[in-house]
Amino acid sequence: MEQAKLKSKKTFNHQAATYDHDAKGQHARKLYPALVNTISGLSYETILDLGCGTGAVLKRITDNDARIKAYGVDFSENMLAQAKQKLGDSAILTFGDAEHLPFDNEFFDVVYCNDSFHHYPSPEAVLAEVRRVLKKNGVFVLCDIWIPAFFRSITNCLIRFSSEGDVRFYSRKEICGLLSRYFHTVTWDRITDTGFMSVASKNIKM
């Protein structure tokens, strides 16, 4: 597990300087419009970008409403450096592990994660942390890679040889099953040819 994290950190530290405009960041950028549009339809005052990368999505959010209390957390020092340069004082950016978020219980109205969930070796630990930091009626928005079943099974068999820290690509059933353990009213939609979005509300009865 730790080896996957270290591979991911090395990968994103290497990609940080060019991620906003080169091929490595292209998939993430294709997800931005649908993600930002969904977030804009939510009511919130505090928001966390989980795996904030270069801060491109946070930049769009804070430019739209400077009153939002925006936070970002990432495991790549170089990605955070790019984000800090981009965002200045408009967001609080923190180095951290998604499995151990450095925030109080029920702190955020919205948490979102864009194109990094497939790098997490302990997805349930991450979801438990997301649930913990969300307020009682908080919302989690997850965007990530979608691959057709046949190619996904092959990719997941070979993924252990990845040098970039990829851990697993998920089916619709798998994502909805994971999210349903920690949230309710889970939705799943294809938003690009190779990307999906799931939206889940915190289950206040858990």
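Hi everyone, let me start with a cluster: Y71, F103, F107 and F108 form one aromatic cluster. Here, rings of Phe, Tyr and Trp (its six-membered ring) pair if their centres lie within 6.5 Å, with planes under 30 degrees apart called stacked, over 60 edge-to-face and the rest tilted.

Before going on, a word on where this comes from. This is a predicted model, in which local features need pLDDT of at least 70 and side-chain atom pairs count only at pLDDT 80 or more, while totals for chains, interfaces and linings use all residues. Residues are numbered from 1 along each chain as its sequence is written, and side-chain values use heavy atoms, with hydrogens and water left out.

Back to the rings. By that rule the count comes to 13 aromatic pairs. One of them is Y71 with F108, an edge-to-face pair at 5.3 Å centre to centre and 80° between the planes. This pair links distant parts of the chain, with Y71 in strand β2 (residues 69-74) and F108 in strand β4 (residues 108-114), 37 residues apart. When I say helix or strand, I mean DSSP runs numbered from the N terminus: H or I of at least four residues for helices, E of at least two for strands. F108 also pairs with F107: the ring centres are 4.9 Å apart and the planes are at 75°, so this pair is edge-to-face.

Are these rings buried or exposed? Y71 counts as buried at 13% relative accessibility, and F108 is buried at 0%, whereas F107 is partly exposed at 28%. The cut-offs are under 20% relative accessible area for buried, over 50% for exposed, and partly exposed in between, using a 1.4 Å probe and protein chains only.

Two rings have a charge over them. K9 lies over the face of F75, at 4.4 Å from the ring centre, and R190 lies over the face of W146, at 3.9 Å from the ring centre. The rule asks for NZ of Lys or CZ of Arg within 6 Å of the ring centre and within 35 degrees of the ring normal.

Next, the sheet around β7. Seven of the eight residues of strand β7 (residues 195-202) are buried, so this strand is largely enclosed by the rest of the structure. Which strands pair with β7? Strand β5 (residues 134-145) pairs with β7 in the antiparallel sense over seven bridges, and strand β6 (residues 183-192) is joined to β7 by seven bridges, again antiparallel. Pairing here requires that DSSP finds at least two bridges between the two strands. If you want a residue to click on, try V199 in β7: V199 is the bridge partner of V141 and also of T187. β6 and β7 form a hairpin with two residues between them.

While we are in β6, have a look at T185, which is found in that strand. Its phi is near 45°, a positive value in a residue other than glycine, and T185 counts as exposed at 53% relative accessibility. D115 also has a positive phi, of about 65°, although it is not a glycine. D115 is found in the loop between β4 and α5 (123-133) and is buried, with a relative accessible area of 9%.

D115 brings us to H27. H27 is found in helix α2 and is buried at 17%. What does H27 touch? Leaving out residues up to four places away in sequence, H27 touches D115, D144, I145, T194 and G195, where contact means heavy atoms within 4.5 Å.

Just ahead of α2 there is A16, in the loop between α1 (2-15) and α2 (26-40). A16 is buried at 3%, and with the same sequence filter A16 touches T54, N78, M79 and Q82. The C-alpha atoms of A16 and E77 are separated by 9.1 Å, with the two residues 61 apart along the chain.

Last stop, the empty space. The structure holds one cavity of 30 Å³ or more, and the largest cavity has a volume of about 450 Å³. For the record, a cavity is a set of points on a 1 Å grid over the protein atoms alone where a 1.4 Å probe fits but cannot get out, and lining residues have an atom within 4 Å of a point. Grid points are joined across faces, edges and corners, and the volume is the space filled by probe spheres set on the points. The lining has 32 residues, of which F12, G51, D74, S116 and Y120 lie nearest the centre of the cavity. The largest share of that lining, four residues, comes from α1. Thanks for listening!

Conventions. 1 Å grid on protein atoms, 1.4 Å probe; cavity = no way out; pocket = protein on both sides within 12 Å on 5 of 7 lines; lining within 4 Å.
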